[in-house]
Amino acid sequence: MEDVTGAQLIAESLKAQNVEYMFGIVGVPVIEVAMAAQAAGIKYVGMRNEQAACYAASTIGYLTGRPGACLVVSGPGLIHALGGMANANMNCWPVVVIGGSSDRNQETAGAFQEFPQVEACRLYSKFSARPSSLAAIPSVIEKAVRTSMYGRPGACYVDIAGDMVNAKVERSTVRLVSCCPPPPVSLADHSAITEAISVLKAAKRPLVIIGKGAAYGHAEIALKGFVEMTGLPFLPTPMGKGVLPDDHPNCVAAARSRALLQADVVLLLGARLNWILHFGLPPRFDPEVKVIQVDLCAEEMGNNVRPAVALLGDINAIVIQLLTCVRKDVWKYPSDTEWWSTLKDKIVANAKISKALALQSTLPMNYYTVFHHVSQLLPRDCIIVSEGANTMDIGRTMLNNYLPRHRLDAGTFGTMGVGLGFAIAAAALERSEKKGTRIVCVEGDSAFGFSGMEVETMCRYNLPVVIIVVNNNGIYSGVDPETWKEMAKMGDLTSIAPPVTLLPEARYDEIMTAFGGRGFLVRTVQELCSALQVSLNDWERPSLLNVLIDPSSDRKQQEFPWLTRANL
Ligand code: TPP
C-alpha cells in the first residue's frame, strides 16, 4: 500500500492535465508542492515576485493554449499574484494559480498569513475554489484547467490549506481525472455567414481588424487565405500583430487612424471594441460603420456598437466558413478603389515622417532612431516583448512582427511590469522546443523597473533573453543629468522633481552584469548595433542594453488631437 500527499496530488493532477510549467515562489506551506511538481515532470521556475510569476504562467497559456501554473504562498504571496490574475483575465489568457493557505484548524484565529483567499480571487478569476478533501483535488484541478481554457479563457484559482499539503491518503482511494481535451469548436450560424459576406460585398471602404483572439485561436492560415482571396485591407491590434506579417501588402497598420475613421464595414476578428479600438465610436470611427463581429464569447456581442452581423464561435472555424463562402462566389474586393489609394497614400506619407526621424544623426538618439536600427537586426522569427508608453507605442509602429503569437505587450489592462515575466516564459518554452527563437524584450525604463529583479531569474536559469531598455530617464519623459543636479541644489527633490522623472542615466545594465549576464551602456547607433549583434549571437546568457536616449524625445506630431497620449 502506498500513501500520497496533498502536494503530490496537486502536482500529479496538474501533470495529468498536461500542465507542463509552474512559476512561483516557495515558502510555507507550498515548498513541497514545488518539489512534487518537479518529481511529477513539471518544469519549475522560481521567480522573484509572484506578480511576475503569474505573468509568466499566463504567457504559457497564451502561447500554447494550455495554462501554466503559478504557485504562491498564503496571504501576501497570493495578493501579489492577483495583479497577474487580473492581467490574464483581462487578456483572456488561461492560467491556474495554486495558493497555499493557513491550516484549517487555525482559520479565523489570526493564523500566519491568514487571508480569505478563495473569496479574494473571485474578482480576478473565472473559478475559485478549495478542494474539500484530498480525494477532491484531481477533479478541482481538472475543473480549474478546463475552465481556464473553455469559453473565454482566463484565470482560475485553487486553494490548498496548509494542513492538506502534507496530509496523506492511500493512493488507491484517489482517482486522477484524465486530461481534459482542448475546447470544443463551434461554428457560426450558416445564414449569418452568408449575411456577413453580403455586407462585406456591399462595402465601399471595408477593413478587417485582427485581434489577439485570432492569434490565440490559431486562425493564421485561414486568415491568410481569406485576406488574399478577398483582397481586403487589414489592421492588426497590438497583439494581433504577426497573425499575418506586418509587411503583407494588405496590411494598413501604418494608416491606422485613417483606416478606422473612414471604414464603412469592419470585420472584427477576435478583438474587443474597448479602449484599444476606441470603443468603435466617433470621433475615431464613422458613426454609421457596420461591424461584423466574430467572437467566441456571446456576451461580447454588441459591446459599445450593435453589430450588423454577429458570428459566434471559434475564430479559425469561422474564418474557414467565410473563406468557403467567398471561394464559391469567387468574390474579390478590387485593388484599384479610391479606398485603397487613400490608405496607400497615407502609408507612404507616414513612413516618410518616421524615416526622417529615424535617420536623424543628433545625439542623444530619439526613439525612432533606436527602433529603426533595432528592427534592421532583429531576426524575423523573434518574439518581441514590449512595454512602456512611448517605448511601446512607437515600438509597435517601428518593430515588425512576421509570425503569430510573437508579440507580447502591456495588453488590454495596460499593465507595466509584465515584460520580464512574459520573456521568461517564452524563453523557457524555447528552451524545450528548440526552435531557435530569440526573445527580445523592449522596455521603457519605468516599465523595466516594475519587475527588474527578474533579471536574476534569467541569469539563474541561463535564459538568453535580450533586454533593450529604452532609457529616457522617466515615465513618458525625464530630465538630463545636469538639470537633475541643478534641481537637487535648489531643494528637496520630493518637492520639486517632476513626478515623471527617474534617476537620469541610471545604470540598468549593471543590474544584469551583477548577476553574470551581459550589460551594455549604449549612447550611439554604432554602440547600439554592435551590442545588439553580440547579444543576439549569445545563446548562453541574457543581455541588457541600456540605451540612453534624449529625455525629451516624443512621438511624432499627431494628425488628430485625440492621438496625444491618453491612456497609458
Ligand atoms: N502602473 C502600472 C502597473 N501600469 C501602468 N500602466 C502605470 C502604472 C502607469 N504607466 C503607464 S506607462 C508607464 C506607467 C508608469 C511607464 C512609462 O514609462 P516608460 O516605461 O519609461 O516608457 P516611456 O514612455 O518613457 O518610453
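Let me begin at the start of the chain, where helix 1 passes helix 2 in a crossing that is right-handed. Please keep in mind throughout that what we have before us is a predicted model. Helix 1 covers residues 6-16 and helix 2 covers residues 31-39, and their axes, which cross at roughly 45 degrees, come within 8 Å. That angle makes helix 1 oblique to helix 2. If you look for the residues that touch, you will find Ala7, Gln8, Ile10 and Ala11 on the side of helix 1, meeting Glu32, Val33, Ala36 and Ala37 on the side of helix 2. Sorted by class, the residues of this contact are six nonpolar, one polar and one charged.

Let us move along to helix 3, residues 50-64, and helix 4, residues 76-91, whose axes come within 7 Å and cross at roughly 35 degrees. The crossing of helix 3 and helix 4 is, once again, right-handed. Here Glu50, Gln51, Cys54, Tyr55 and Ser58 from helix 3 meet a set of residues in helix 4 that includes Gly77, His80, Ala81, Gly83 and Gly84, and the classes in this contact come to five nonpolar, seven polar and one charged.

The next pair lies further along the sequence. Helix 10, residues 220-230, packs with helix 12, residues 315-329, at an angle of about 30 degrees, and the two axes are 9 Å apart. Which way do they run with respect to each other, roughly parallel or roughly antiparallel? The angle makes helix 10 roughly parallel to helix 12, and the crossing of these two helices is left-handed. Ala222, Leu223, Gly225, Phe226, Met229 and Thr230 are the residues of helix 10 that take part, and among those they meet in helix 12 are Val319, Ile320, Leu322, Leu323 and Val326. By class, the contact between helix 10 and helix 12 holds nine nonpolar, three polar and one charged residues.

Finally, let us turn to the ligand. Which of the 17 residues around the ligand come nearest? They are Tyr367, Asn390, Thr391, Gly414 and Asp445. For Asn390, a polar atom of the backbone is 2.8 Å from an oxygen atom of the ligand, while for Gly414 a backbone N or O atom lies 2.8 Å from a ligand nitrogen atom. With Asn472, by contrast, the side chain supplies the polar atom, which lies 3.0 Å from an oxygen atom of the ligand.

Definitions and conventions. Residues are numbered from 1 along each chain as its sequence is written. This is a predicted model: local features need pLDDT of at least 70, side-chain atom pairs count only at pLDDT 80 or more; totals for chains, interfaces and linings use all residues. Side-chain values use heavy atoms; hydrogens and water are left out. Axes are lines fitted to C-alpha atoms, for helices over the stretch in contact, and angles run from 0 to 180 degrees between N-to-C directions. Helices (H or I, at least four residues) and strands (E, at least two) are DSSP runs, numbered from the N terminus. Angles under 35 degrees count as roughly parallel, over 145 as roughly antiparallel, 65 to 115 as roughly perpendicular and the rest as oblique. A crossing is left-handed if the near helix is turned anticlockwise from the far one by less than a right angle, and right-handed if clockwise. Contact means heavy atoms within 4.5 Å. Ala, Val, Leu, Ile, Met, Phe, Trp, Tyr, Cys and Pro count as nonpolar, Asp, Glu, Lys and Arg as charged, and the others, Gly among them, as polar. A residue is near a molecule or strand if one of its heavy atoms lies within 4 Å of it. A polar contact is a pair of N or O atoms within 3.5 Å; within protein, one must be able to donate a hydrogen and the other to accept it, and residues adjacent in sequence count only if both atoms are side-chain atoms.
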